[in-house]
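Subject: Structure handover

Hi,

Here is the structure I promised to pass on to you. Have a look at it first, and then read on for my notes on what turned up.

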Amino acid sequence: MKYQNSKHGERYILSIANHEDLTAAITAFCKEKDIKCGAIYGLGAISSLTLRYYSPVTKQYVDKTFNEQMEISNLTGNISSKDGEVYLHLHVTCGRADYTCIGGHMLTATISGACELVVEPFPGQIGRYLDSEDTGLNLYKF
Ligand code: FE
């Protein structure tokens, strides 16, 4: 997984290489630095985006992929862990060629140009549990 990073205080600036899978690159970086809790924010440009929409009524996920050049006008997310693995929760807003935006819960995206992120690790770790009784979501386990 190709990315470059530099540390500034406790935060990292992360630059993911062109054509890389965004979620896989962030996951690999968190593994490398042993980050189990933290925050992510940033921007970039992509050629493919897969969003996941969750209906709390049906408790079903609907995934949709958009294959087009877009700007990540904002990516924001958090880092936790589930079953010993890095667990990312990422949301994006992306600008299309016609200057409208799409956005939501991001599964993954393919970099097309650049992706510049800030990763802020927090001390300690936070896990997740599946809230099967109510929301059907993987919620924070404090
Ligand atoms: Fe979400």
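K64 is found in strand 4. Is K64 buried or exposed? With a relative accessible area of 51%, K64 is exposed, because the cut-off for that word is over 50%. Leaving out residues up to four places away in sequence, K64 touches L49, T50 and L51. If you pick Y41 as a second point, you will find it 23 residues from K64 along the chain, with 23 Å between the two C-alpha atoms. Please keep in mind throughout that this is a predicted model.

Next, the metal site. Which residues hold the iron ion? The iron ion is coordinated by NE2 of H89, NE2 of H91 and ND1 of H105, at 2.1 to 2.2 Å. Along the chain, these donors follow the spacing H-x1-H-x13-H. H89 lies in strand 6 and H105 in strand 7, so this pair ties together parts that are 16 residues apart in sequence. H89 counts as partly exposed, at 26% relative accessibility. H105 is also partly exposed, with a relative accessible area of 26%.

Two of these histidines turn up again in the largest pocket: H89 and H105 are among the residues that lie nearest its centre, together with R52, Y61 and Y87. How many residues line this pocket? The lining has 15 residues, and the volume of the pocket is about 440 Å³. Strand 3, strand 6, strand 7 and strand 9 (138-141) are the elements that give two or more residues to the lining. The largest share, four residues, comes from strand 6.

Now to helix 1, which covers residues 22-33. Helix 1 has 12 residues and reaches 17 Å from its first C-alpha to its last, close to the 16 Å expected at 1.5 Å a residue. At the N-terminal end, D21 acts as a cap: one of its side-chain oxygens lies 3.2 Å from the backbone nitrogen of T23. Just after the helix, D34 takes a positive phi of about 55°.

Which residues of helix 1 are buried? They are L22, T23, A25, I26, T27, F29 and C30. What covers them includes strand 1 (3-8), strand 2 (11-16), strand 3 (38-55), strand 5 (70-82), strand 6 (85-95) and strand 7 (101-121).

K31 also has its place in helix 1, but K31 is exposed, with a relative accessible area of 52%. Setting aside neighbours within four places in sequence, K31 is in contact with E85 and V86. From K31 to the capping residue D21 the distance is 15 Å, C-alpha to C-alpha, and the two are 10 residues apart in sequence.

For a buried position, try S48 in strand 3. S48 has 15% relative accessibility, and it counts as buried because that is under 20%. What does the side chain of S48 make a polar contact with? The partner is the side chain of N67, at 3.1 Å. Not counting residues up to four places away in sequence, S48 touches T65, F66, N67, E68, T108, A109 and T110.

Finally, there are two loop residues to look at for their backbone angles. K59 is found in the loop between strand 3 and strand 4 (60-66), and its phi is near 55°, a positive value in a residue other than glycine. K59 is partly exposed, with a relative accessible area of 36%. D83 lies in the loop between strand 5 and strand 6. D83 has a positive phi of about 55° although it is not a glycine, and D83 is exposed, with a relative accessible area of 68%.

If you would like a place to begin, I suggest the iron ion with H89, H91 and H105, and then the pocket that has H89 and H105 among the residues nearest its centre.

Best wishes

Definitions and conventions:
Residues numbered from 1 in each chain as written. Predicted model: local features only at pLDDT ≥ 70, side-chain atom pairs only at ≥ 80, totals over all residues. Heavy atoms only, no water. Expected span 1.5 Å × (residues − 1). Buried < 20%, exposed > 50% of the residue type's maximum accessible area, 1.4 Å probe, protein only. Contact = heavy atoms within 4.5 Å. Polar contact = N/O pair within 3.5 Å; in protein donor to acceptor, adjacent residues only side chain to side chain. Donors = N, O, S within 2.8 Å, 3.2 Å for Na, K, Ca; no water. 1 Å grid on protein atoms, 1.4 Å probe; cavity = no way out; pocket = protein on both sides within 12 Å on 5 of 7 lines; lining within 4 Å. Points joined across faces, edges and corners; volume = space filled by probe spheres on them.
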